[in-house]
Amino acid sequence: MQVSKSYTVAEATNRIEHYCAYQERCHKEVTAKLRDMGMIPEAIDLIMAHLIQQNYLNEERFAKSFARGKFSIKKWGKNRIVRELKLRNISKYNINSALCEINEGAYLETLDTLAKKRLASLSDKDWAKRRKKLADYLLYRGWETDLVYKKLNELLS
């Protein structure tokens, strides 16, 4: 049986400050980390309040950073970004604020590039299968249904 290290509130606070300074974190991630460290609920509340006051934790900043990163690096659509932020218990206000970070022109351009690249990689001769595979791929990545089908009609007509 493994014995986990116990932390004082000061030690835990210090470790979590470094954890938050390294990368933007949401409240849910930090709370889970503190629970994993074996902290009691009262200590978790105390540390969370400290992190928010010292600006180590900011849900709006996290949401904006998350949306920008997932869009520019992983090429996710808005639906996928919203779903992932909701899983992290981010408020509707912060989600909407985060979506404003995505430039509409760059968004549509990315969809076009992604669709053309994926279409070129599909080797099926059957037009319907290619269409379905491309649609499934784009929808899985979180692109809006109306945009996906508009793009399919543009590329496959």
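**Notebook: cysteines and helix 2**

I looked up C26 first and found it buried, at 0% relative accessibility (buried means under 20% relative accessible area, exposed over 50%, partly exposed in between, with a 1.4 Å probe and protein chains only). A note to myself: this is a predicted model, where local features need pLDDT of at least 70, side-chain atom pairs count only at pLDDT 80 or more, and totals for chains, interfaces and linings use all residues. Residues are numbered from 1 along each chain as its sequence is written, and side-chain values use heavy atoms, with hydrogens and water left out.

Next I checked for disulfides (a pair of cysteine sulfur atoms within 2.5 Å) and found 0 in the structure. For C26, the nearest cysteine sulfur belongs to C20, 9.7 Å away. Why is C100 without a bond to C26? Its sulfur lies 20 Å from that of C26, the closest cysteine sulfur, which is too far. C100 is exposed, with a relative accessible area of 65%.

Then I turned to helix 2, residues 27-36 (helices are DSSP runs of H or I, at least four residues, and strands are runs of E, at least two, numbered from the N terminus). I listed V30, T31 and L34 as its buried residues. They sit on the same side of helix 2, because they cover an arc of only 100° around the axis (taken from the directions from the helix axis to the C-beta atoms). On the other side, I found R35 and D36 exposed.

I also asked what covers the buried residues of helix 2, and the cover includes helix 1 (9-22) and helix 3 (41-53) (contact means heavy atoms within 4.5 Å). Last, I noted G38 just after helix 2, with a positive phi of about 85°.
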